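Welcome! Let's learn to read a structure together, one feature at a time.

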Amino acid sequence: MLDKSYYDKTDEIIEHYGRKASSLIPIMQDIQAEYRYLPGELLTYVAKEIGITETKAYSVATFYENFSFEAKGKYVIKVCDGTACHVRKSTPVLEALWKELGLSKKKHTTDDMLFTVETVSCLGACGLAPTMMVNEDVYPAMTPEKALAVIEELRGKG
Amino acid sequence: MGYMTINGKKVEFTDEKNVLSIIRKAGIDIPTLCYHSELSTFGACRLCTVEDDRGRLFASCSEEPRDGMVIYTHTERLRKHRKLIVELLLAAHCRDCTTCVKSGECKLQELAHSMGVLKVRYDNYNEIRPVDYSSPAIVRDPNKCILCGNCVRVCSELQGLGVLGFANRGTEATVTPAFEKKLSATDCVSCGQCRVFCPTGALTIRTHMDEVWEALGDKNTRVVAQIAPAVRVAVGDAFGMKNGENVMGKIVASLHAMGFDEVYDTTYTADLTIMEESAEFLDRVKNGGKLPLLTSCCPAWVKFVGDQFPDMKENVSTCRSPQQMFSAVLKEWYRDPEHAEGKKTFVVSIMPCTAKKMEAVREDSYTKGEKDTDAVITTTELIRMIKNAGIAFDKIESESCDMPFGIGSGAGVIFGVTGGVTEAVLRRLADGHDTATLDAIAKCGIRGEEGIKETVVPYNGMDVKICVVSGLANARKVMEQVQNGEKEYHLIEVMACRRGCIMGGGQPIPAGPRHKAARAAGLYSADGAMVIKKSDENPLMDVFYNGYFKGKAHELLHNHR
């Protein structure tokens with residue numbers, strides 16, 4: 001059961017976009033921006049409030065890779081695996097991060113909830129390949145060593 | 001209005017919505033997996049693709065007809081195209097056809113066969129997903145799903161529920177309830193319409209055949225069957241007889257041959273339902289009880305009200321459904337050691353319905369803490385059992401039901417079609433039983449296949465406003481209108497399945513438009529052939545209320561909330 005504050009915040013977001021089916025995606029985006037993930041209970045609540053079935057909301061939420069029902073870490077690291085980044089060796093970067101953080105294709109978030117590592121298809125910054133993002137910051141021309149240095153730095157910040 | 005040329009033949013069209021219906025009207029069969037005239041057009045399977053004179057390929061189900069179109073439906077190119085589609089569907093599909101419950105009725109299997117797909121060149125890399133056995137009525141096997149979306153649309157468009165939906169994308173795409181919940185954890189009402197529309201074995205009936213065979217094989221068990229009205233008009237065509245033909249006598253004979261000790265007709269308790277429900281209705285009118293009275297014979301509808309309109313739960317009649325009344329009566333009869341003769345009693349109800357399986361295990365379907373209905377067999381399963389027992393159904397001589405519960409009225413028979421319960425109530429309330437009276441009732445606007453029908457009937461100086469609904473999406477509409485005061489009724493009859501039980505979730509498939517009309521006509525003609533037309537004139541009513549069951553009506557015939 002989520003705390004009441006979650007529902008209050010959601011009400012606020014729903015009010016902002018209006019109680020209509022077409023508000024679903026912006027509402028989900030704002031909830032995810034607020035909590036770094038989309039709590040399932042809130043999705044069910046939103047569906048009821050804007051008058052669509054829970055199934056429909058779930059259908060939309062699972063269609064887009066961006067929405068996550070699992071809590072994400074404080075730092076969300078997106079390793080670009082688009083064509084340009086891939087040929088400029090993004091895979092070793094990803095593997096280095098996985099190894100360092102004990103993550104895998106199935107497990108995306110560290111147990112201490114500090115890091116989430118995921119791949120994206122293209123960040124639109126192919127000139128900087130291989131590219132990586134940590135939350136809103138872009139890290140260009142990555143190597144496994146540089147990636148690990150970033151992790152060290154973020155760990156220092158806590 | 002216009003003309004189009006199909007395979008070189010000029011074809012006239014009027015108001016058809018899409019090219020596909022014109023092609024089919026012209027007598028050309030094009031396969032489809034996702035197209036149903038009662039559902040919205042989805043255009044997912046692409047099997048209905050046709051070619052025009054410029055070589056353009058398009059899906060005929062979602063193409064508007066235009067005057068002067070020239071199309072080809074079975075060119076070599078299209079044949080290859082369709083075969084490839086089926087092959088690709090099979091590539092990601094379970095291939096254990098022989099042990100699939102849908103084998104022989106599966107649309108995909110049939111297409112693979114007719115198109116000559118004798119080999120699938122691709123390996124199935126799909127992860128094997130767990131089968132959902134949580135529902136008492138429906139088994140959902142995602143490994144056999146081809147993503148045609150029929151169940152998704154039928155659940156939301158016809159049944160107004162939307163329990164099933166698509167999830168994920170691309171090769172991960174799947175049909176599932178929200179959050180991959182089990183069906184039992186959703187608002188699913190077990191109506192089984194998803195299973196009717198599913199072309200493969202992804203959604204099937206949860207079968208109880210094994211339990212029944214086992215009981216039949218046990219010498220110390222008395223196996224008693226009750227047969228619902230809609231079953232008798234849906235069995236014959238599986239054995240090469242006419243659509244909608246009333247084969248009740250043959251069903252009774254087959255059950256006797258299988259080893260059932262006693263066989264009864266559920267119309268007997270349909271009559272009891274009418275007695276009880278009419279009394280309840282008059283009582284509510286007289287004493288200011290909750291109105292409108294909502295009928296309670298359809299378990300899918302009863303669950304729907306509980307989940308979707310909990311404020312109106314009290315409006316639902318307390319009467320048990322005919323199935324539950326019959327089972328309760330039978331079990332009570334055999335509680336008397338003199339009747340039981342030292343044997344256990346096993347009650348099998350034979351129903352056109354999957355929701356009845358859910359109703360049988362519902363808590364309030366137990367009397368004195370004991371389960372009344374031991375097994376529910378749908379019409380589909382019955383046909384399988386008849387074949388399994390080696391009975392030549394077309395040749396078997398008709399037999400009649402056993403006594404002491406073997407008499408039902410015509411009013412009970414028409415329960416199986418939308419408007420039937422209301423008609424039976426009106427017959428009960430009418431003074432006379434002459435042809436003119438019965439005719440007037442039949443023509444008051446409650447017959448016919450429309451989803452929502454309204455009528456006003458005068459009774460004792462009062463105008464009784466009645467609404468007859470079939471299909472839960474229609475029911476939702478009516479209930480919302482009642483709740484916001486837009487409409488006012490005294491009685492609302494609802495059957496969860498469109499057109500009533502004759503098109504129930506347990507009926508054999510496929511069943512096209514011809515079946516629908518024929519089954520309804522079959523029940524009305526069965527009613528016509530009955531000597532007793534009114535429930536209160538069934539001689540067994542008096543026996544019930546004044547004989548062994550005297551004083552037990554409330555306990556046996558009503559749900560106790």
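What follows is a conversation between a learner and a teacher about this predicted model.

Q: Where should I start? Which domains does the assignment give for chain A and chain B?
A: Start with the broad divisions. The domain assignment splits chain A into domain 1 (4-63) and domain 2 (75-157). For chain B, the assignment gives domain 1 (2-74), domain 2 (99-205) and domain 3 (210-557).

Q: How many Å lie between the C-alpha centres of domain 1 and domain 2 of chain A?
A: Those centres are 29 Å apart. In chain B, the C-alpha centres of domain 1 and domain 2 are separated by 26 Å. Contacts between these two domains of chain B involve 10 residues of domain 1 and 13 residues of domain 2. On the domain 1 side, the residues are seven nonpolar, two polar and one charged.

Q: And how many residues of each chain are in contact with the other chain?
A: As a general idea, the size of an interface is often given as the accessible area lost when the parts come together. Here we can count residues instead: 12 residues of chain B are in contact with nine residues of chain A. Strand 7 (residues 165-167) of chain B gives the most to the chain B side, with three residues. By class, that side has seven nonpolar, four polar and one charged residues.

Q: Let's look at helices. At what angle do helix 1 and helix 2 of chain A pack?
A: Two packed helices are described by the angle between their axes and the distance between the axes. In chain A, helix 1 (residues 4-17) and helix 2 (residues 24-35) make an angle of about 145°, and their axes are 9 Å apart. The crossing is right-handed. Helix 1 of chain A contributes Lys9(A), Thr10(A), Ile13(A), Ile14(A) and Tyr17(A) to the contact, while helix 2 of chain A brings Pro26(A), Ile27(A), Asp30(A), Ile31(A) and Glu34(A). Sorted by class, this contact has six nonpolar, one polar and three charged residues.

Q: Now strands. In which sense do strand 1 and strand 2 of chain B pair, parallel or antiparallel?
A: Strands of a sheet pair through backbone hydrogen bonds, either parallel or antiparallel. Strand 1 (residues 2-6) and strand 2 (residues 9-13) of chain B pair in the antiparallel sense, over five bridges. One place to look is Thr5(B), whose bridge partner in strand 2 of chain B is Lys10(B). The hairpin has two residues between the strands, and Asn7(B) takes a positive phi near 50° there.

Q: Which strands stand at the edges of the open sheet in chain B?
A: Four strands form that sheet in the order 11-10-13-16, with parallel pairing. Strand 11 (262-265) and strand 16 (375-378) of chain B each have a single partner strand, so one side of each is left without a neighbour in the sheet. Neighbouring strands are turned by 25° against each other on average, direction ignored. Strand 13 (residues 344-351) of chain B pairs with strand 16 of chain B over four bridges, and Ile350(B) stands opposite Ile377(B) of strand 16. Helix 10 (residues 322-333) of chain B packs on the sheet, touching strands 10, 11 and 13 of chain B.

Q: How do I read burial? Is Arg499(B) buried or exposed?
A: Count the C-beta neighbours inside 10 Å; with 20 or more, a residue is buried. Arg499(B) has 23, so Arg499(B) counts as buried. Leu147(B) has 17 and therefore counts as partly exposed. Both have a positive phi without being glycine: near 75° for Arg499(B) and near 60° for Leu147(B).

Q: How many residues of helix 9 of chain B are buried?
A: Helix 9 (residues 299-308) of chain B is mostly covered, with seven of its 10 residues buried. Among them are Trp301(B) and Phe304(B). The buried residues pack against strand 12 (293-294), helix 12 (355-360), helix 17 (472-483) and strand 19 (491-495) of chain B.

Q: Which residues are joined by a cis peptide bond?
A: Look at omega. The bond from Leu291(B) to Pro292(B) is cis, with omega near 0°. Another cis bond joins Met403(B) and Pro404(B), where omega is about 20°.

Terms used. Residues are numbered from 1 along each chain as its sequence is written. Chains are lettered from A and ligands numbered from 1 in the order in which they are written. This is a predicted model: local features need pLDDT of at least 70, side-chain atom pairs count only at pLDDT 80 or more; totals for chains, interfaces and linings use all residues. Two residues are in contact if their C-beta atoms, placed from the backbone, lie within 7 Å. Ala, Val, Leu, Ile, Met, Phe, Trp, Tyr, Cys and Pro count as nonpolar, Asp, Glu, Lys and Arg as charged, and the others, Gly among them, as polar. Domain bounds come from an automatic or database domain assignment. Two strands pair if DSSP finds at least two bridges between them. Axes are lines fitted to C-alpha atoms, for helices over the stretch in contact, and angles run from 0 to 180 degrees between N-to-C directions. A crossing is left-handed if the near helix is turned anticlockwise from the far one by less than a right angle, and right-handed if clockwise. A residue is buried if 20 or more other C-beta atoms lie within 10 Å of its own, exposed if 12 or fewer, and partly exposed in between; C-beta atoms are placed from the backbone.
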